[in-house]
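Please load the model in a viewer and keep a selection prompt at hand. The tour proceeds by selections, each followed by a short account of what is found there.

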Amino acid sequence: MVLAGVQEQLQPFTSRLFPRRVWLALDDDAVTVVTTKGLGQPVQLDLFRRVPLPRGACSAGDPQQVMALGDLIGDLLVELGLVGVEVLAVLPAAACAWRVVQWPFDDWPESADEALRQIDPALGLPYDLSQAYISLLPLEGAGQQDSGSCSSLLVSVPRQRVLSWIEVFDIAGVQLERLEAAQVCELRALAPLLDGAEPDLLEVLVVLDEWGARLTLLRHGVPEYGREVKGSLSDLEDELERCIAYWRGRDPDVTGARLWLTGSSPDLSMLANKLRGSGDWPVQILDPVTLGWIALPPDDGDEPPPSGSALASLHGLIQAELAR
């Protein structure tokens, strides 16, 4: 009893000295919360919750109701016993834009962000680079090496949108340690599965949610083309066939395609089965739980946990921390 009382008194000081980390994935329709027991392999989850957001609270990755979102996230973390935590979060994909930038240099510039802003290339973004936070990641796929080109993956987010999310977390009363784009996290999660792939394969990442899907076409692990598709599963199937046919016509070295499906939609397995029966491509689900990368928390007797495919972006974020 005495020990329990001492532990209770020390708990606030312990949480300040060794704050617990919480991993969040933000979407227009929900927030996914996980905590981990260390960062071993597989990563053992201590908690896994996916909580719907009020309709309209977040739209196209932009928080529309900052105060309400901050209160909701803060209340949720308190309810889950996560007070005084550090938060690492995945931004909604709709909040971010990506482009592949080819540098006019023999090697990546030392101050890449500054160099890009000075060059200010036409990127087709709906905002100026001066109005955005940007991140540049070197691309080192086989195609890049063979051509001798020097390219980076540019991810940009409007500055005001980032500041709005920072305000959300300020209102929630948590310390925000990291924000990263969903697209980058998903590609990082997929990367180990592309090692040793046939060089003539077109890899297609399909991220399915309740609104539709995002398609990303990759060659040698490098994203080459992306688009969003709204509509039914049949609409998505038709658009996939058109995109793959277009890219095969553009790249004569492509002789086949492989599809990777992930996302939060409950229709994911249904789509996978439809695609397996309709095309000449292998279809696999990018599910960190099924792949043995993440272990779910013990069953607590409440409602079953969400599908492991909703964890792909969070797994990519966790891998970034492991690499630091």
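The stops below cover the nonpolar cores, one helix, the salt bridges, a surface patch and some backbone features.

The model is a predicted one.

**Nonpolar cores**

Begin with Leu 24, Val 33 and Phe 169. In the largest nonpolar core, which has 46 residues, these three touch the most other members. Next, colour the elements that each supply at least two residues of this core: strand 1, strand 2 (30-36), helix 2 (66-79), strand 6 (86-91), strand 9 (151-158), helix 5 (159-172), helix 6 and strand 11 (201-209). As a general matter, nonpolar side chains in soluble globular proteins tend to be buried together.

Centre the view on Leu 24 and display its surroundings. Beyond the residues up to four places away in sequence, Leu 24 touches Val 31, Thr 32, Val 33, Ile 73, Val 87, Leu 88, Ala 89, Val 90, Phe 169 and Leu 314. Then select Val 206, Trp 247, Leu 261 and Trp 281, which are among the members of a second, separate core of 24 residues.

**Helix 9**

Select residues 312-322, which make up helix 9. Is this helix largely enclosed or largely open? Helix 9 is largely enclosed by the rest of the structure, because nine of its eleven residues are buried. The buried residues are Ala 312, Ser 313, Leu 314, His 315, Gly 316, Leu 317, Ile 318, Ala 320 and Glu 321. One of them, Leu 314, has already appeared among the residues that Leu 24 touches.

Within helix 9, pick Ser 313. Its relative accessibility is 11%, so Ser 313 counts as buried. Which residues does Ser 313 contact, leaving aside its neighbours within four places in sequence? The contacts are with Ala 25, Val 90, Ala 182, Cys 185 and Glu 186. For a distance check, use the C-alpha atoms of Ser 313 and Lys 37: they are separated by 18 Å, and the two residues are 276 residues apart along the chain.

**Salt bridges**

Glu 186, a contact of Ser 313, leads to the next stop. Show the side chains of Glu 186 and Arg 214, which meet in a salt bridge with an N to O distance of 2.7 Å. Arg 214 is in strand 12 (residues 212-219) and Glu 186 in helix 6 (residues 182-194), so the bridge ties together parts that are 28 residues apart in sequence. Arg 214 is buried, with a relative accessible area of 15%, and Glu 186 is also buried, at 5%.

How many salt bridges does the structure hold? It holds 16. For another, select Arg 20 and Asp 46, whose closest N and O atoms are 2.8 Å apart. This pair links distant parts of the chain, 26 residues apart: Arg 20 is in the loop between helix 1 (2-17) and strand 1 (21-26), and Asp 46 is in strand 3 (residues 43-52). Arg 20 counts as partly exposed at 35% relative accessibility, as does Asp 46 at 34%.

Move on to Lys 230 and Glu 228, which form a salt bridge at 3.8 Å, N to O. Lys 230 is exposed, with a relative accessible area of 54%, whereas Glu 228 is partly exposed at 45%. To close this stop, select Arg 21, Glu 86, Arg 178, Glu 180, Arg 188 and Glu 321 together; a network of salt bridges links them. Glu 321 is one of the buried residues of helix 9.

**A surface patch**

Turn on the molecular surface and select Tyr 133, Leu 163 and Ile 166. These residues form a nonpolar patch on the surface, with about 230 Å² of accessible area together. Tyr 133 belongs to strand 8 (residues 132-139) and counts as partly exposed at 35% relative accessibility.

**Backbone features and cysteines**

Inspect the peptide bond between Gln 41 and Pro 42, which is cis with omega about -5 degrees. Pro 42 is in the loop between strand 2 and strand 3.

Two residues that are not glycine are worth a look for positive phi. Ala 60 has phi of about 55 degrees; it lies in the loop between strand 4 (58-59) and strand 5 (62-63) and is partly exposed at 41% relative accessibility. Asp 120 has phi near 50 degrees and lies in the loop between helix 3 (112-119) and strand 8.

Finally, select Cys 150 and Cys 243. Cys 150 is buried at 5% relative accessible area, and Cys 243 is buried at 4%. The structure holds zero disulfides.

Methods
Residues numbered from 1 in each chain as written. Predicted model: local features only at pLDDT ≥ 70, side-chain atom pairs only at ≥ 80, totals over all residues. Heavy atoms only, no water. Salt bridge = Lys/Arg side-chain N within 4 Å of Asp/Glu carboxyl O. Helix = DSSP H or I, 4+ residues; strand = E, 2+ residues; numbered from the N terminus. Buried < 20%, exposed > 50% of the residue type's maximum accessible area, 1.4 Å probe, protein only. Patch = residues over 30% accessible without salt bridge, like charges linked within 9 Å, V, L, I, M, F, W, Y side chains within 5 Å. Areas by Shrake-Rupley, 256 points an atom, 1.4 Å probe, with all protein chains shown as cover. Core = buried A, V, L, I, M, F, W, Y, C linked by side-chain atoms within 4.5 Å. Contact = heavy atoms within 4.5 Å. Disulfide = S-S within 2.5 Å.
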